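Good morning, everyone, and thank you for making room for me today. I would like to walk through one chain slowly, beginning with the whole and then moving to a few of its parts.

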Amino acid sequence: QVQLVESGGGLVQAGGSLRLSCAASGRAFASYHMGWFRQAPGKEREFVARIRRGGDFTDYADSAKGRFTISRDNAKNTVYLQMISLKPEDTAVYYCAATGVPSRASHDYLYWGQGTQVTVSS
């Protein structure tokens with residue numbers, strides 16, 4: 001089992017930056033592929049970015065490409081989401097999640113954090 005705890009969310013003006021962190025505890029963090037998802041009020045949870053267990057492959061939703069960067073440090077059991085040029089439409093609760101299969105689909109992810117709120121003001 002893996003426990004995930006996100007941090008780094010907050011209130012930022014449009015055009016600003018945030019770096020989200022997701023600390024994992026439990027066994028074998030490095031054996032899991034990791035993803036970031038977000039859910040805005042009244043909307044379904046959506047895929048943002050993912051990274052393979054070795055960190056050698058990353059994948060982004062179109063809305064995140066060029067502005068968000070996912071990375072991981074397996075020695076620290078942590079995955080990050082660096083976000084720049086933030087827009088009001090990025091406002092959401094951001095979740096990290098762990099999966100045994102590389103996937104964009106939320107139903108493939110086994111473990112989830114509690115989420116961290118990101119609010120971008122215009």
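Before I give you a figure, let me fix one word: a residue is called buried when its relative accessible area is under 20%. With that in hand, and keeping in mind that what you see is a predicted model, I can say that buried residues make up 45% of the 122 residues in this chain.

Let me stay with the whole chain for a moment. It holds eleven strands and zero helices, and its radius of gyration is 13 Å, close to the 14 Å that the globule rule gives for 122 residues, so the chain is as compact as a globular protein of that length. Taken along the principal axes, the box that the C-alpha atoms fill is roughly 40 × 25 × 25 Å. If we take the contacts with a separation of 6 or more, 57% of them are between residues 24 or more positions apart. The chain exposes about 6100 Å², and carbon and sulfur atoms supply 47% of that area.

Now I would like to turn to strand S4, which covers residues 33-39. Why can we call S4 largely enclosed by the rest of the structure? Six of its seven residues are buried, and therefore the strand is largely enclosed.

S4 has pairing partners that we can follow on the screen. With strand S9, residues 92-99, S4 pairs in the antiparallel sense over seven bridges, and within that pairing Met34 has Ala98 as its bridge partner. With strand S5, residues 46-51, S4 also pairs in the antiparallel sense, here over five bridges, and Gly35 stands opposite Arg50. The hairpin of S4 and S5 has six residues between the strands, and in this hairpin Gly42 takes a positive phi near 75 degrees.

Next come the aromatic rings. The structure holds six aromatic pairs, and one of them is formed by Phe37 and Trp112, whose rings are tilted, with 5.0 Å from centre to centre and 50 degrees between the planes. This pair links distant parts of the chain, since Phe37 belongs to strand S4 and Trp112 to strand S10, 75 residues apart. How do the two residues stand, buried or partly exposed? Phe37 has a relative accessible area of 1%, so it counts as buried, whereas Trp112, at 27%, is partly exposed. Both belong to one aromatic cluster, made up of Phe37, Phe47, Tyr95, Tyr109 and Trp112.

Trp112 has a charged neighbour too, because the charged end of Arg45 sits over its ring, 4.5 Å from the centre. A similar arrangement can be found at Phe57, where Arg52 lies over the face of the ring, at 4.4 Å from its centre.

Finally, let me point to two loop residues, with a general remark as background. Most residues other than glycine have a negative phi. Asn77, however, has a positive phi, near 55 degrees, and you will find Asn77 in the loop between strands S7 and S8. At 22% relative accessibility, which is not under 20%, Asn77 counts as partly exposed. Ser85 also has a positive phi, near 50 degrees, and it is found in the loop between S8 and S9. With a relative accessible area of 37%, Ser85 is partly exposed as well.

Conventions. Residues are numbered from 1 along each chain as its sequence is written. This is a predicted model: local features need pLDDT of at least 70, side-chain atom pairs count only at pLDDT 80 or more; totals for chains, interfaces and linings use all residues. Side-chain values use heavy atoms; hydrogens and water are left out. Buried means under 20% relative accessible area, exposed over 50%, partly exposed in between (1.4 Å probe, protein chains only). Helices (H or I, at least four residues) and strands (E, at least two) are DSSP runs, numbered from the N terminus. Two strands pair if DSSP finds at least two bridges between them. Rings of Phe, Tyr and Trp (its six-membered ring) pair if their centres lie within 6.5 Å; planes under 30 degrees apart count as stacked, over 60 as edge-to-face and the rest as tilted. A charge sits over a ring if NZ of Lys or CZ of Arg is within 6 Å of the ring centre and within 35 degrees of the ring normal. The radius of gyration is taken over C-alpha atoms; the globule rule is 2.2 Å times the number of residues to the power 0.38. Contact means heavy atoms within 4.5 Å. Accessible areas come from the Shrake-Rupley method with a 1.4 Å probe; for residues, only the protein chains shown count as cover.
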